[in-house]
Amino acid sequence: MASEITVTALRFAFLALLWLFIFMVLTASRRDLGIGRNVRSSRPQVEEAAQVSAPAQPPARASQLVVLEGAQAGALMRLGDQPVTIGRSLDIEVSLQDDYASGRHARLFPQGSRWFLEDLGSTNGTFLGEQRLTRATPVEVGQPFRVGHTTLQLRA
Amino acid sequence: MPKSAPDRPRSRRFTEFVLTLLAVGLAPAAIYLIDPEAAVQNRMWLQALIVQGAGALILHLVMYLRARYADPFILPLAVALNGLGLAMIYRIDLTTSNNAGANQLMWTGLAMVISALLLFFLRDHKALRSITYISLAASFLLLLLPLLPGLGLEINGARIWISVAGRTFQPGEIAKITLAIFFAGYLSTHRDLIMLAGKRIGPVRLPRFKDLAPMFIAWFVSLAVLVFQRDLGSAILFFGIFLSMLFLATGSITWVALGLLFVGAGGALAYNYISHVYYRINSWVHAFDPEVYNQPLGGSGQIVQGLFGLASGGLFGRGWGNGRPDLVAYSNSDMIITALGEELGLFGLAAILMLFLLLVSRGFRAAMGTPDAFGKLLAAGFSALIVIQLFVVIGGVTRLIPLTGLTTPFMSAGGSSLLSNWVIVAILLAISHTARAPHLVDDLEELDSSIDYEGQEAEGATSLISRISLTNRPGGEGRE
């Protein structure tokens with residue numbers, strides 16, 4: 001049997017080993033920036049590109065939603081900073097009188113300085129220009145989009 | 001490590017290897033310290049080294065081959081926790097002449113191999129999304145199994161075990177995984193409706209009644225577990241997973257407040273009508289009353305003995321093998337934290353909690369990194385699951401909250417618990433791989449057609465939500 005001192009030393013050595021392990025994990029994970037790298041390196045480019053391609057676009061988000069064509073043509077709705085749902089239901093923000101729209105057809109949500117449009121699994125689809133949406137897509141001011149037989153547009 | 005491109009993230013498998021080497025060494029070192037002579041004699045240290053080393057090596061190789069960009073810290077952290085638990089179980093065996101250590105070692109090896117197989121075949125966690133409703137059915141089935149006559153087994157008043165060929169198993173441990181998969185699948189699809197539908201009253205958006213259905217289901221399942229299996233810990237765990245994942249999916253405090261109302265109602269019912277819940281709370285509040293302490297059934301002896309153990313451990317502990325953790329009932333399963341606290345002291349226990357904290361933080365890191373909503377919810381849900389389980393069990397043994405029987409993840413003696421935790425590790429690794437892996441070229445091309453702005457998918461909420469809309473089934477409400 002080892003002497004008293006050795007036993008005590010080993011007792012503390014084990015605790016030290018445990019904490020050494022923790023500090024090794026901490027040091028290694030501090031350098032672990034792998035996840036952010038893809039995103040971080042590409043982000044400035046995206047912002048630059050956005051600025052170059054649309055220099056006239058004001059930094060503020062569009063604040064109005066206008067119905068261009070459809071039963072409610074000419075109707076105008078003020079947008080805040082909350083997402084709005086578009087569809088035929090009566091209990092949503094943008095309630096359309098359009099038999100070709102699904103109950104909850106599409107959704108506009110703000111992110112940064114723009115609005116994103118996404119389809120909520122509608123039967124007839126949501127179109128931005130001629131393109132049927134498959135994922136959330138940014139909508140620019142003045143760009144018409146179609147829900148059912150209704151065409152809408154964002155205004156500054 | 002070869003770097004194929006300068007902007008490609010490093011796989012960090014080497015970091016993992018080094019850390020795992022150290023983690024694998026913990027259990028043999030502890031076993032040697034417990035009793036050097038016995039350790040040399042029964043070769044337990046060697047067995048622990050071989051089983052854990054081989055298991056870790058297999059997992060490491062699988063990651064190298066199939067999930068090269070998986071998180072490098074999850075494996076060593078899990079191995080370290082598992083090893084510390086193993087050493088403590090073996091140490092308690094020495095004084096009680098049980099054989100739980102060998103059993104635990106066998107399950108450790110088995111669980112690690114199953115984890116490696118799962119990681120090998122799963123690879124992409126999104127496959128789990130397709131079994132959303134199957135896993136709901138599986139959860140019900142697993143929870144019902146212990147109630148079947150002939151198969152179910154009642155131990156210490158709780159009917160949560162099944163007995164197959166002389167071995168016992170807790171199906172509830174697997175049910176927590178399948179439930180988390182179901183919640184992740186369900187919430188990632190229905191998140192928008194749950195969030196946006198309903199009347200708004202002032203700043204609060206009241207949910208529609210039909211959106212409350214899943215909450216009722218979760219509540220009834222938890223209550224059923226409580227009533228029929230008499231297992232308070234699992235009931236709290238199941239509802240806790242649901243509530244935390246609901247919050248993760250919607251970010252709405254209203255839902256959490258509603259859920260806590262449900263918990264309050266359930267708790268009041270249970271306290272008044274279910275005797276063992278009443279005993280648990282009584283032995284928590286009046287733990288130091290002599291008659292409660294000495295009460296044979298539902299007394300507080302176990303908790304108080306555990307507290308005495310922690311107290312005698314002090315700051316630096318008695319040292320491996322020098323305490324008397326065997327005086328506490330179930331010191332190698334429910335009460336393993338107090339046993340470790342007694343022998344490793346506050347410093348050791350803090351280190352163990354730190355290991356758990358790091359493990360959980362890696363889980364959340366994977367959740368933040370992965371682009372799909374389902375993966376985010378699943379990884380964060382598993383992390384939340386570990387946190388809730390730890391809080392319930394450690395809060396219980398330190399008398400912060402009433403003691404409820406739950407296992408300490410990775411540490412407590414019990415094969416089913418160990419198995420389910422290693423399965424969680426495999427899924428977390430798979431998710432963390434998709435989080436860190438550079439985007440594959442064929443994936444990008446496929447995405448390009450649908451992305452119309454700078455070929456770059458918007459990050460964060462946008463991509464999260466866009467994936468949801470991709471898989472939404474066309475609603476039946478569209479009138480043409």
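Student: Which residues are exposed on the other side of helix α11(B)?

Tutor: Ser275(B) and Val285(B) are. Bear in mind that we're looking at a predicted model. To be called exposed, a residue may have 12 or fewer other C-beta atoms within 10 Å of its own.

Student: Okay, and which residues of α11(B) are buried?

Tutor: Val277(B), Arg280(B) and Ser283(B), in the helix that runs over residues 275–285. Buried calls for 20 or more other C-beta atoms within 10 Å.

Student: How do you know where around the axis of α11(B) they sit?

Tutor: Look at the arc: they cover only 135° around the axis, which puts them on the same side of α11(B). There's a general pattern behind this. An α-helix has 3.6 residues a turn, so residues three or four places apart point the same way.

Student: What do the buried residues of α11(B) pack against?

Tutor: Four helices of chain B: α9 (232–250), α10 (253–273), α12 (290–294) and α13 (301–313).

Student: How do you know whether the length of α6(B) is close to or far from what is expected?

Tutor: Set one value against the other. This helix, residues 132–144 of chain B, has 13 residues. From first C-alpha to last it reaches 19 Å, and 18 Å is expected at 1.5 Å a residue, so the span is close to expectation.

Student: And what makes us say that the buried residues of α6(B) line one face?

Tutor: First, who they are: Ser135(B), Leu136(B), Ser139(B), Leu142(B) and Leu143(B). Seen down the axis of α6(B), these buried residues fall within an arc of 130°, so they line one face of the helix. The face turned away from them carries exposed residues, namely Tyr133(B), Ala137(B) and Leu141(B).

Student: Which residues have the most contacts inside the largest nonpolar core?

Tutor: Ala30(B), Ile241(B) and Met245(B), in a core of 140 residues. Helix α14(B), residues 336–369, gives the most to this core, with 15 residues. Apart from it lies another core, of 20 residues, including Leu65(A) and Val67(A).

Student: Which residues count as contacts of Met245(B), leaving aside neighbours within four places in sequence?

Tutor: Phe183(B), Ala184(B), Leu187(B), Leu377(B), Gly381(B) and Ala384(B). Each is called a contact because its C-beta atom lies within 7 Å of that of Met245(B).

Student: Over to chain A. How many helices and strands does it have?

Tutor: Two helices and 11 strands.

Student: Why are β3(A) and β5(A) called paired?

Tutor: Pairing needs at least two bridges, and these strands have three, so they qualify. They run in the antiparallel sense, with Thr85(A) opposite Arg107(A) in β5(A).

Student: How do you know that β5(A) and β6(A) pair?

Tutor: Six bridges join them, against a minimum of two, so they count as a pair, again antiparallel. Gln111(A) stands opposite Arg114(A) in β6(A). The two strands form a hairpin with two residues between them, and Gly112(A) in the turn has a positive phi of about 60°.

Student: How confident is the predictor about chain B?

Tutor: The mean pLDDT is 82, and 86% of the residues of chain B reach 70 or more. Over residues 1–6 of chain B, though, the pLDDT is below 50. Residues 440–480 of chain B are below 50 too. For the model, ipTM is 0.83 and pTM is 0.74.

Terms used. Residues numbered from 1 in each chain as written. Chains lettered and ligands numbered in written order. Predicted model: local features only at pLDDT ≥ 70, side-chain atom pairs only at ≥ 80, totals over all residues. Arc of directions from axis to C-beta. Contact = placed C-beta atoms within 7 Å. Core = buried A, V, L, I, M, F, W, Y, C linked by C-beta atoms within 7 Å. pLDDT = per-residue confidence, 0-100.
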